[in-house]
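Visitor: I'd like a close look at one part of this model: the charged side chains, who they pair with, and what surrounds them. Take your time and walk me through it.

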Amino acid sequence: MKSPKKRSPCPIACTLDLIGDKWTLLIIRDLFAGKSHFHEFARSPERIATNILTDRLHRLELHRFLKSTPSTLRAGSSAYSLTDRGRSLFPLLLAFKDWGLTHIQGTQANVTVAPPG
């Protein structure tokens, strides 16, 4: 896979280019919470549109954050799982959660995410 052209060498900018949109970290969160199928991601409380979900799953796989395999539960569909690269985002998710709980009134951690392992 050819790396996309970087807009700057800044590691924050480069990370945001990969996972900084409105939906990507929520999909990663859902993978840590045990979801693995398209229909499960689509039913998340944030209600991601299916065309956007399809795009983000493709991008996450393209950039090796997740992998897809044929589903053993739903014929003709894929099951998604985190790669080592994807699992390495766990501390980042925890930091976002903790920051939000501390600084944004009315937030709640309603999705339980499990550490990689």
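Guide: One cut-off first: a residue is called buried under 20% relative accessible area, exposed over 50%, and partly exposed in between. Keep in mind too that this is a predicted model.

Let's start with a pair you can find by eye. Arginine 7 makes a salt bridge with aspartate 17, and their closest N and O atoms sit 2.8 Å apart. The two partners come from distant parts of the chain, 10 residues apart: arginine 7 belongs to the segment before H1, while aspartate 17 is in helix H1. Aspartate 17 has a relative accessible area of 38%, so it falls in the partly exposed class. Arginine 7, with 60%, is over the 50% mark and therefore counts as exposed.

That's one of 9 salt bridges found in the whole structure. Another pairs aspartate 30 with lysine 35, with 3.8 Å between the closest N and O atoms. Aspartate 30 has just 3% relative accessible area, so this acid is buried. Its partner, lysine 35, comes in at 22% and counts as partly exposed.

Next, go to lysine 97 and aspartate 98, whose side chains meet in a salt bridge at 3.6 Å, N to O. Both are partly exposed: aspartate 98 has a relative accessibility of 41%, and lysine 97 has 35%. Salt bridges can also share partners here, which joins Asp21, Asp55, Arg56 and Arg59 into one network.

Lysine 97 takes us on to the largest pocket. Lysine 97 is among the lining residues nearest the pocket's centre, together with Leu26, Arg29, Leu93 and Phe96, out of 29 lining residues in total. Helices H1 (11-19), H2 (24-32) and H6 (90-103) are the elements that each give two or more residues to that lining, and H6 has the largest share, with 8. The space in this pocket comes to about 690 Å³. Charged residues account for 5 of the lining, next to 7 polar and 17 nonpolar ones.

What about the greasy side of things? In soluble globular proteins, nonpolar side chains tend to be buried together. In this model the largest nonpolar core has 20 residues, and Ile27, Ile28, Leu31, Phe41, Leu53 and Leu57 touch the most other members. At least two core residues come from each of H2, helix H3 (38-42), helix H4 (50-62), strand S2 (78-82) and H6. H2 gives the most, with 5 residues. For a closer view, pick isoleucine 28: outside its neighbours within four places in sequence, this residue is in contact with Leu60, Phe65, Leu82, Leu89 and Leu93. Leu93 is also one of the residues nearest the centre of the largest pocket.

Two more arginines deserve a stop, this time for their backbones. Arginine 47 has a positive phi of about 60 degrees, even though it isn't a glycine. You'll find arginine 47 in the loop between H3 and H4, and at 57% relative accessibility it is exposed. Arginine 64, also not a glycine, has a positive phi of about 65 degrees. That residue is in the loop between H4 and strand S1 (66-70). Its relative accessibility is 48%, so arginine 64 stays in the partly exposed class, which ends at 50%.

Key: Residues numbered from 1 in each chain as written. Predicted model: local features only at pLDDT ≥ 70, side-chain atom pairs only at ≥ 80, totals over all residues. Heavy atoms only, no water. 1 Å grid on protein atoms, 1.4 Å probe; cavity = no way out; pocket = protein on both sides within 12 Å on 5 of 7 lines; lining within 4 Å. Points joined across faces, edges and corners; volume = space filled by probe spheres on them. Helix = DSSP H or I, 4+ residues; strand = E, 2+ residues; numbered from the N terminus. Nonpolar A, V, L, I, M, F, W, Y, C, P; charged D, E, K, R; others polar. Core = buried A, V, L, I, M, F, W, Y, C linked by side-chain atoms within 4.5 Å. Buried < 20%, exposed > 50% of the residue type's maximum accessible area, 1.4 Å probe, protein only. Contact = heavy atoms within 4.5 Å. Salt bridge = Lys/Arg side-chain N within 4 Å of Asp/Glu carboxyl O.
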